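Trainee: Could we go through this one together, asking each time what stands behind the words?
Mentor: Happy to; let's put it up.

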Amino acid sequence: MGPLIPQGIIPMGWDFVIALLIGIAFGFVLEASGFSSSRNITGVFYGYNFVVLRVFFTAVVVAMIGLQYFDYFGWIDLNQIYVLPTYLSPMIVGAIIMGVGFILGGFCPGTSYTAIAIGKIDAMVFTGGLFLGIFLFSEFFPFFEQFYYSGNMGNITIGEFFGISNTLFTLIFVVIAVVAFYVTWRIELRVRKNMTQYKF
Amino acid sequence: MNQEIDIQDRPKYINPYFGGVLLGLVLLLTFYITGRGLGASGAVKSAVVTTVDQVAPEHAGQNTYMKNFISDDHSPMYNWLVFESFGIFIGGLLSGALFGRIKKLRIEKSPKITNKTRLFAAGIGGILFGIGSQFGRGCSSGAALSGTASSSFGGLLVMLLMFGTGYVVAYFFRKLWI
């Protein structure tokens, strides 16, 4: 029964080998899906290319349903799966800052690594910016340390927050995703009709 | 007519739904093996902490944020996300080589802006993403993707607000892209 490493089924020594292999698979899929191109990525915000939404939502749906079924079949102990803790206000602020960074930079950290791999200078500068940003955050940390730890809600799940089961939320998310796929497909068709060039 | 030529020239990417299924399976496998999801910004954080720790170890040890990631028995680079992120780079290299997208160093941008503008925006974008990912407890991979997939409320929150903010401010920066 999984998860394999926390349960000691795969010894800890394999941890970093597995990390490397998983990273390779992750990076391959990101690049092959077109995430090494910033203009491809930002298309999601201007309606000319919704590849980000398609890949992202499909991946969440697959992983979410997968985890639910693995739990149902007794293949995995969901209690041992790490649930990212929620710190309400700092996470709201962080997400808004990242949203602006997304539009300006055209990448997120993972995608910028794959773009560097195929030779994009803008991705190198973006990653340099990441380094500088995290450095600045660390240096000025004492000024907002209290805020950083505020709004701690612990490892709260989506279901717990809304008072429903996570299985039900998974179903709701699938419906939202399918509707989003259809609507964005229609939008994309209309936007592209008015575009004179599409070559990234 | 031009449009037809351009469409033929478009880089060959895999079908996005197929890509999404593959990414979802990679993520599911990661949860199954390690009990945690994927990540990306954590590797840069390790690099920052390592650098400061090498250049000014006392300063790093006194910093209330960085000291959380410094341990006596191993370097901050000895970290799961560092190995995984190195893998992301190799994976990108493999896919780029397979589909013929590895070319000489270049800058991708809208024809309406200069290289300088693009690089300036990329740098600022990176800085903001770096700061935001610390407050957000992860970036698009660690918080939005893996967080939401593991039913974390914070993950869902970061995903919705990050993309939502993108839509709100997209209009003001449209010249960068279209």
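Mentor: We take chain A, then the contact between the chains, then the domains of chain B. This is a predicted model, where local features need pLDDT of at least 70, side-chain atom pairs count only at pLDDT 80 or more, and totals for chains, interfaces and linings use all residues. Residues are numbered from 1 along each chain as its sequence is written, while chains are lettered from A and ligands numbered from 1 in the order in which they are written.

Trainee: How many helices and strands are there in chain A?
Mentor: Chain A has nine helices and zero strands. Helices (H or I, at least four residues) and strands (E, at least two) are DSSP runs, numbered from the N terminus.

Trainee: What makes residues of chain A count as buried?
Mentor: A residue is buried if 20 or more other C-beta atoms, placed from the backbone, lie within 10 Å of its own (exposed: 12 or fewer; partly exposed: in between). Of the 200 residues of chain A, 51% count as buried.

Trainee: Which residue numbers from each chain go into the contact?
Mentor: Chain B gives 113 residues and chain A gives 115 residues. Two residues are in contact if their C-beta atoms, placed from the backbone, lie within 7 Å. On the side of chain B that touches chain A, 61 residues are nonpolar, 37 polar and 15 charged. Nonpolar covers Ala, Val, Leu, Ile, Met, Phe, Trp, Tyr, Cys and Pro, charged covers Asp, Glu, Lys and Arg, and the others, Gly among them, are polar.

Trainee: Where are the domains of chain B?
Mentor: Domain 1 spans 11-103 and domain 2 spans 106-178, with bounds from an automatic or database domain assignment. Their centres, taken over C-alpha atoms, are 17 Å apart.
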